Amino acid sequence: MRRRKRSEPPALIRTPKPSLVYRLISYLLVFPVYRLLFRGRTAGNAQVPQDGALVVVANHGSHLDPPLLGHALGRPVAFMAKAELFKVPILGPIIRACGAYPVSRGASDREAIRTATDRLEEGWATGVFIDGTRQENGRVNRPLPGAALLAARAGVPLLPVAILNSHRALGPGSKGLRLVPVHIRIGTPIPPPASRRRPDLEAATAACQAQINALLDQGLIGRQALPPPPGSAALPPSASDPGR
């Protein structure tokens, strides 16, 4: 996998092609789970840049989110994973082939940001769950500035994505899998922050939070939108293509 030239912006570098293992897992495992088991639908695919580095920013309600997100976007999405997982036979090579990258237990935030930046400089779409951990209500509640910092460091756009219902399928504290519909709404790309200063990072983070929660408020694809919860921030719904 080649590194970019200094004069070549990460947002313009050609995205690495998915490996054979990635394609097999995506279409033989993730596809039937998402499309059949969870009756998955996706809206907004036309807004996903298919080449160049990108920070994919999403809400987080379930351990199901990473593979479903990468499949639904139509391009591989790299996520952080605990370094111990890469030592597990069979599992380690599979998650590495799918774009996951190891982060050591107890690693500093600076080290994690540096590792993610390296992925962006290789042209990957790098996924960040903006709250950092799974949320019981599946919404963006306490967003962290890490995604905005990544985008500012690499000079690449942020793509807000809303994952609907995964917290009901297998959320925190769940005793078992629930076969509820899980849909994904893709928002409008947001330019990278103008600088790494706190006000710029906070503004980009707030824009991601507002857009993701607004997409969640639209409800499942093909159903009437629900009114937003009292006091929640929302942006006008972004344009999206028909659910595929």
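Lys and Arg count as positive here, and Asp and Glu as negative. Keep that in your pocket for the exercises below. One more thing before you start: the model is predicted.

## Exercise 1: A charged patch

Find out which residues form the positive surface patch, and work out whether R110 is buried or exposed.

**Solution.**
Step 1. The positive patch is made of R110, R114, R153 and R196.
Step 2. Pick R110 and place it: this residue belongs to helix α4, which covers residues 109–121.
Step 3. Now check the cover. Exposed means over 50% relative accessible area. R110 has 68%, so it is exposed.

## Exercise 2: A nonpolar patch

Name the residues of the nonpolar surface patch, then classify L24 by its accessibility.

**Solution.**
Step 1. L20, L24 and L28 make this patch, with an area of about 320 Å².
Step 2. L24 sits in helix α1, residues 20–37.
Step 3. Between under 20% (buried) and over 50% (exposed), a residue is called partly exposed. L24 comes in at 43%, so partly exposed is the right label.

## Exercise 3: Putting the sheet in order

Write down the strand order of the open sheet and say which strands stand at its edges.

**Solution.**
Step 1. Strands of a sheet pair through backbone hydrogen bonds, either parallel or antiparallel.
Step 2. Six strands are lined up as β1-β8-β7-β2-β6-β3, and the pairing is mixed.
Step 3. β1 and β3 (77–78) are the edge strands: each has a single partner strand, so one side of each has no neighbour in the sheet.
Step 4. Walk in from the β1 end. Strand β1 (residues 41–43) pairs with β8 in the parallel sense over three bridges, and T42 stands opposite I184 in β8.
Step 5. Next, β8 (residues 183–186) and β7 run antiparallel, joined by four bridges. I163 has I184 as its bridge partner in β8, while V161 has I186.
Step 6. On to β2 (residues 54–58), which pairs with β7 in the parallel sense over four bridges. Here A58 stands opposite V161.
Step 7. At the β3 end, two bridges join β3 to β6 (residues 125–129), and these strands run parallel. A78 finds its bridge partner in T126 of β6.

## Exercise 4: Two covered strands

Sort the residues of β7 by face and decide whether each face is covered. Then do the job for β8.

**Solution.**
Step 1. In a regular strand the side chains alternate between the two faces of the sheet.
Step 2. For β7, that puts L158, P160, A162 and L164 on one side, with L159, V161 and I163 on the other.
Step 3. These residues are all buried, and both faces are covered. Counting along residues 158–164, seven of seven are buried.
Step 4. For β8, H183 and R185 take one side and I184 and I186 the other; they are all buried, too.
Step 5. Look for something lying by β7. The C-alpha atoms of L216 and L164 are 6.3 Å apart, although the two residues are 52 apart in sequence. L216 belongs to helix α7, residues 198–217. At 14% relative accessibility, L216 counts as buried.

## Exercise 5: Salt bridges

How many salt bridges are there, and which residues form them?

**Solution.**
Step 1. Side chains of opposite charge can pair when their charged atoms come close.
Step 2. A salt bridge needs a side-chain nitrogen of Lys or Arg within 4 Å of a carboxyl oxygen of Asp or Glu. By this rule, the count is three.
Step 3. R119 pairs with E122, with the closest N and O atoms 3.4 Å apart. Both R119 and E122 are buried.
Step 4. D217 pairs with R139 at 3.0 Å between the closest N and O atoms. Since D217 lies in helix α7 and R139 in the loop between β6 and α5 (146–154), this pair ties together parts that are 78 residues apart in sequence. D217 is buried at 9% relative accessibility, and R139 is buried at 15%.
Step 5. R198 pairs with E202, the closest N and O atoms being 3.9 Å apart. These residues are four apart in helix α7, so about one helical turn separates them. R198 is exposed at 63%, whereas E202 is partly exposed at 44%.

Note on methods: Residues numbered from 1 in each chain as written. Predicted model: local features only at pLDDT ≥ 70, side-chain atom pairs only at ≥ 80, totals over all residues. Heavy atoms only, no water. Patch = residues over 30% accessible without salt bridge, like charges linked within 9 Å, V, L, I, M, F, W, Y side chains within 5 Å. Areas by Shrake-Rupley, 256 points an atom, 1.4 Å probe, with all protein chains shown as cover. Charge placed at Lys NZ, Arg CZ, Asp CG, Glu CD. Buried < 20%, exposed > 50% of the residue type's maximum accessible area, 1.4 Å probe, protein only. Pairing = 2+ DSSP bridges.
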